Amino acid sequence: MAIYRDKEIQCEKCKTIYESKFPSFIRVPADNDIKSEFVSGEFHFHKCPNCLHNNFSPSPSLYIDDEKKIAIINNNYDEAIGDRIELKEEFSDYKFYISESVWITPDIINAIDNGFDPFVLEFIKHDGSKYFESKRKNCQVYNSYIKYSDDGYQINLVVLFYDANNDTGEYSMIIEPKLYNNYVDKVERFKAGADESVISSKYVRKLYHLARNLGIDEAKQNTYEFLQCRDEYDDAVLAFVQNFNEAKFKKGEIIGLVDYDKKDNCKVSICYVDKIIHMTDYEYYSEINDLPVATYKATDKKLEAKLDSETELHNDVLKEELKNNFKDDNYDVLFNAMVIVPMKLDEECLNKAVNIDYEDENKAYFPLYLDPSDINNESVDSKLNVIVSFKAALRLFFNVANRYDGIIINPDTDKFKLSLNQLFRFITNRIMTNHNLMKEFLDNASNEEIAFIGEDKYNLIKKVYSTEIGLKAIREELNLTKEKADYMLDDGYARIKRIIKSKQLM
């Protein structure tokens, strides 16, 4: 019944590359003969045929217990959440568990085999590890598991840790029946609305965080849209859809995901939508704001030249603005400009014309020229070049932005480099630094966009653009402190930026 797959492994000791087998699917009781090896993790060690070194190389797996009616998906969450949807069609009356770690999978199996609740035990493991670290200030727990007595009635929490010298150690503590039962009662309060199938310390931390910040009720109220996407390597990527874009992305569409870090720096991934998933913040196992955001649809449209490839474009004013980094906020000079996209013949695509890549300082750029006289690269064939609006070139860039670090303008001479962050800043600043365009945006904001901004923040910002009484008078009229108004403006403008980025590229 078990299904084995081949995998290629490179020995970490002698670097020999060899193939080994692993069980990607095990079904008990039919596969009881190999269950112990699966639970022990032995299948994740692969002996090198050259030097006999045992290489640890874990692989995704599916464990089915037909007697206990459980299914355990061992895979990263982004993959597993979609796997569960598909598997529920075949195993509709089974209870599912998701394990991101090969060491959590045996904990789930052992817990169920011995009559314990894996969700409860994950809370005990989390709290026990934190308690141990509080008592051993110089130690850090890197893993923990539950150990059972031979009769299955006594359980111990085993924590594995690094000490101050970075040496490893192990400590065991007994989990008395009374303590376990207390945790059953404690965890029961968390279960309503939670995804009990996710056995993860990360999820426990989130549930505790919501409880400490009195955010449980709010986290259960609203259902959000998520997309399980596939990148160019066919790996799953889970993305968040902000509510003003809900229902706009369809299965099979190519879309742009924008991933923001804590400082709002970003990178772009181009993926296709595999599944559309709906769940609450309380059900999602981690911090939603850490997910990449589904921002725009990518298209495969060809550039159509608006002018002859030898036309002089007279972009002198734009050059000055680029040199001065648009200190006067004159972004229309850029967005209304005509630019040259250098093209070449791709012999692999039957001489199809494709845009040229440019590399500089180990970074890849999408090149543009402001005038034929700026082209000094002999490999650029002027007959193939396409002159289009900067907006059209920008749209093409964002369709393939995962390949680049940004745009470079006049790469042979001026080398004006525009990173992804700068391009997004130009897109938003063009609207937000222009009073008329900003007022137009606010006047035409949809109900979904207003809800995303926050009605109170939207009304405050709209007053700023629709009256001339000044911010101090507006604060007094709305009975807002300076601190409260500043927060509302900062957060409101940050949300408006997200909307503008999406609308300009959609």
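**A walk through the predicted model**

Let us begin at Asn-245, which sits in the loop that runs between strand E12 (236-241) and strand E13 (254-260). Keep in mind that this is a predicted model. Asn-245 has a relative accessibility of 2%, and because buried means under 20%, this residue counts as buried. Setting aside neighbours within four places in sequence, Asn-245 is in contact with Ala-294, Thr-295, Ser-502 and Met-506.

From the loop we can move on to the nonpolar interior. The largest nonpolar core has 69 residues. Which residues have the most contacts inside this core? They are Tyr-77, Leu-121, Phe-123, Phe-226, Leu-238 and Tyr-284. Helix H4 (residues 118-135) supplies the largest share of the core, with 6 residues. Leu-238 is a good place to pause: beyond its neighbours within four places in sequence, Leu-238 is in contact with residues including Tyr-77, Phe-226 and Tyr-284, and also with Ile-81, Ile-277, Met-279 and Leu-291, among others. Apart from this core lies another, of 65 residues, among them Leu-318, Leu-322, Tyr-331 and Leu-505.

Next, look at strand E20 (residues 363-368), where you will find Leu-368. Is Leu-368 buried or exposed? Its relative accessible area is 0%, so Leu-368 is buried. Not counting residues up to four places away in sequence, Leu-368 touches Val-339, Ile-340, Val-341 and Pro-342, and the list goes on to include Phe-390, Ala-393 and Ile-407. For a sense of distance, compare Leu-368 with Asp-217: they are 151 residues apart along the chain, and their C-alpha atoms are separated by 51 Å.

Now for a pair of helices. Two packed helices are described by the angle between their axes and the distance between those axes. The axes of helix H11 (residues 420-432) and helix H12 (residues 435-443) come within 6 Å and cross at roughly 90 degrees. H11 and H12 are therefore roughly perpendicular to each other. On the H11 side the contact is made by Arg-430, Ile-431 and Met-432, and on the H12 side by Leu-437, Met-438 and Phe-441. By type, the residues of this contact divide into 5 nonpolar, no polar and 1 charged.

Our last stop is Lys-457, in helix H14 (residues 455-466). At 11% relative accessibility, Lys-457 counts as buried because the cut-off is under 20%. Which residue shares a polar contact with the side chain of Lys-457? The partner is Asp-491, whose side chain is joined to that of Lys-457 by a polar contact of 2.4 Å. Leaving out residues up to four places away in sequence, Lys-457 touches Tyr-487, Met-488, Asp-491, Gly-492 and Arg-495.

Conventions:
Residues are numbered from 1 along each chain as its sequence is written. This is a predicted model: local features need pLDDT of at least 70, side-chain atom pairs count only at pLDDT 80 or more; totals for chains, interfaces and linings use all residues. Side-chain values use heavy atoms; hydrogens and water are left out. Helices (H or I, at least four residues) and strands (E, at least two) are DSSP runs, numbered from the N terminus. Buried means under 20% relative accessible area, exposed over 50%, partly exposed in between (1.4 Å probe, protein chains only). Contact means heavy atoms within 4.5 Å. A polar contact is a pair of N or O atoms within 3.5 Å; within protein, one must be able to donate a hydrogen and the other to accept it, and residues adjacent in sequence count only if both atoms are side-chain atoms. Axes are lines fitted to C-alpha atoms, for helices over the stretch in contact, and angles run from 0 to 180 degrees between N-to-C directions. Angles under 35 degrees count as roughly parallel, over 145 as roughly antiparallel, 65 to 115 as roughly perpendicular and the rest as oblique. Ala, Val, Leu, Ile, Met, Phe, Trp, Tyr, Cys and Pro count as nonpolar, Asp, Glu, Lys and Arg as charged, and the others, Gly among them, as polar. A nonpolar core is a set of buried Ala, Val, Leu, Ile, Met, Phe, Trp, Tyr and Cys residues joined through side-chain atoms within 4.5 Å.
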